[in-house]
Amino acid sequence: MQRLDSLLIDKAALVIDDEPVLRKLTGRVLTDLGMRIVHTAEHGDDALAQLDSGKTRYDVLILDLNMPGMDGVELLRHLATRTYAGGIVLLSGVDTKVLHTAEQLALHHQLHILGAINKPVTSAALGGALARLDRLGRMPMAMQAVLLSPDEIAAGIERDTIIPFFQPKVATLSGSLIGVEALARWDAGDGRVLGPGAFIPVAEECGLIEPLTETIFSKAIAQAAIWQAEGSDFRVAVNFSVHTLNSLTLVDFIVSVARENGVDLDRITVEVTESKLMERLAEPLEVLTRLRMKGVHLSIDDFGTGFSSMEQLKRLPFTELKLDRAFVAGASRDPSTRAMLESTLELARKLEVEFVAEGVETEADWKLLELLSVDTAQGYYVASPMPGPDILPWYKNFRK
Ligand code: C2E
Ligand code: CA
Ligand code: CA
């Protein structure tokens, strides 16, 4: 425990638990472990108020998942929108399944989970989780939250600093390239490349998401035309924020960009996140329906993170269901993740839409997808996102 002592000596923790006795107990364990500052919050709102006040910079949050009012799972979402860069330890008095699912969701939100512990908290379990704070401290800058300002983003759109990378979507059984997904990147030009977390949320908030989406879409379709000229006709998917799907000029924009580049509309896929879509289904429905009528493919992204009913799914003219990686990664070893994967696959088959599993990181998970005859897979195990010109050379090598 010597090393932990020196690690915690300059750190501050916030314990968020609705049970006064457990709050005190966890606080005492932390102090005994050598944590310098320990504060407490009774519920999610209280915790957010303390974080937002900025009075103390908390290196770690100890978070109980079950609380009345704003629970721990909801709080995780708020922490993600604030790109909280400290460590988080999850606590739960309920079964390990809940804890595991929450951990997956938190990872999906790009939060730094140090551990997930069943209550009651012991010194050994909490100490083990806190030891990982060390790793967090040594993370490269690129992994820590960087947020670009609206001015930087506007300039980046003008100056071609915001560009698409592409990640392959391959058929699980044959290994053929079904399509690629365009993912926005900020190319600083000096070797630094930032992911969308650094600018998409800001762009959405300050009204720059439309020009940004138009830039990514135009560049992705121009790249599709190049691939086509080289003899490849796989599809190209672009992510659209639900806010951009209200604009009735969007359909004309997509059609005219495709026409200018000589790319057929049925080679284009529009991906929309499930949870955002379900929040406001009525407005985008017209745009989505018109796009589908013209041949554009529609994908429900991050499936499993929202709460679509069968009824809503039937109303939407989508052609692809993309299961969120929280329900794919680790499916080969975790029975509840696998159950989610299998039941969504069955749902996709009933709805007669393509099924894409995203976030395939290991051979074991890939093998499971093969076994289940999943249509399409995407993830680091297949390939990471890469610049457009790298796709065909990658594919040549992949097929060998
Ligand atoms: P998404 O649409 O779910 O995209 C998949 C994300 O998972 C990408 O992150 C990709 O790099 C990452 N990924 C791929 N394979 C794996 C894997 O095996 N393991 C793990 N852990 N992650 C994997 P990225 O590029 O950081 O994008 C994050 C999100 O930002 C996207 O999630 C999408 O919602 C949004 N986004 C990206 N580009 C755009 C854009 O042009 N417009 C809009 N509106 N949103 C975008
Ligand atoms: Ca996507
Ligand atoms: Ca996704």
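Where in the chain is Ala383 found? Look in the loop between β14 and β15, the short strand at 386–387. Before we go further, keep in mind that this is a predicted model. Now, is Ala383 buried or exposed? Its relative accessibility is 6%, and buried means under 20%, so Ala383 counts as buried. Ala383 also shows how a fold brings together parts of the chain that are separated in sequence: Pro168 sits 215 residues away along the chain, yet the two C-alpha atoms are 6.6 Å apart in space.

Let's move to ligand 1. Its shell is made of 20 residues, and the closest are Gln167, Arg185, Asp301, Glu361 and Tyr380. If you sort the shell by character, you get 8 nonpolar, 5 polar and 7 charged residues. Some contacts are easy to pick out on screen. Arg185 has an N or O atom in its side chain that lies 2.8 Å from an oxygen atom of ligand 1. Next door in the sequence, Ala184 takes part through its backbone: an N or O atom there is 3.0 Å from a nitrogen atom of the ligand. Asp302 joins in with a polar side-chain atom, 3.1 Å from an oxygen atom of ligand 1. How much of the ligand does the protein cover? On its own, ligand 1 has 790 Å² of accessible area, and the protein covers 84% of that. Two elements give two or more residues to this shell, namely β7 (177–187) and β11 (297–303). Of these, β7 gives the most, with 4 residues.

Keep Asp301 in view, as we now turn to the metals. Which protein residues hold the calcium ion called ligand 2? The donors are Glu181, Asn239, Glu271 and Asp301, at 2.1 to 2.3 Å from the ion. Along the chain, they follow the spacing E-x57-N-x31-E-x29-D. Take one pair from that set: Asn239 belongs to strand β9 (residues 235–239) and Glu271 to strand β10 (residues 268–273), so the pair links distant parts of the chain, 32 residues apart. Their surroundings are worth a look as well. Asn239 has 29% relative accessibility and counts as partly exposed, whereas Glu271 is buried, with a relative accessible area of 1%.

The other calcium ion, ligand 3, has its own set of donors. Asp301, Asp302 and Glu358 supply them, with Glu358 listed for two OE donors, and the distances run from 2.1 to 2.7 Å. Here the spacing in sequence is D-D-x55-E. Did you spot the name that turned up again? Asp301 coordinates both calcium ions, which are 4.1 Å apart. Asp301 is buried, with a relative accessible area of 6%. Asp302, at 14% relative accessibility, counts as buried too, because the cut-off is under 20%. Remember that Asp302 also has a polar side-chain atom 3.1 Å from an oxygen atom of ligand 1.

Next, follow the chain back to helix α6, residues 123–130. Which of its residues are buried? They are Leu126, Gly127, Ala129 and Leu130. These residues cover an arc of only 160° around the axis, which puts them on the same side of α6. There is a simple reason behind patterns like this: an α-helix has 3.6 residues a turn, so residues three or four places apart point the same way. Just ahead of this helix there is something to check in the backbone. The peptide bond from Lys119 to Pro120 is cis, with omega near 0°. Pro120 lies in the loop between β5 (112–118) and α6.

Let's finish with two more backbone details, both in loops. Glu352 has a phi near 55°, a positive value in a residue other than glycine. You'll find Glu352 in the loop between α15 (335–351) and β13 (354–358). Glu352 is exposed, with a relative accessible area of 71%. Ser373 has a positive phi of about 55° although it isn't a glycine. Its place is the loop between α16 (363–371) and β14 (376–378). At 31% relative accessibility, Ser373 counts as partly exposed.

How values were computed. Residues numbered from 1 in each chain as written. Chains lettered and ligands numbered in written order. Predicted model: local features only at pLDDT ≥ 70, side-chain atom pairs only at ≥ 80, totals over all residues. Heavy atoms only, no water. Near = heavy atom within 4 Å. Polar contact = N/O pair within 3.5 Å; in protein donor to acceptor, adjacent residues only side chain to side chain. Areas by Shrake-Rupley, 256 points an atom, 1.4 Å probe, with all protein chains shown as cover. Nonpolar A, V, L, I, M, F, W, Y, C, P; charged D, E, K, R; others polar. Donors = N, O, S within 2.8 Å, 3.2 Å for Na, K, Ca; no water. Buried < 20%, exposed > 50% of the residue type's maximum accessible area, 1.4 Å probe, protein only. Arc of directions from axis to C-beta.
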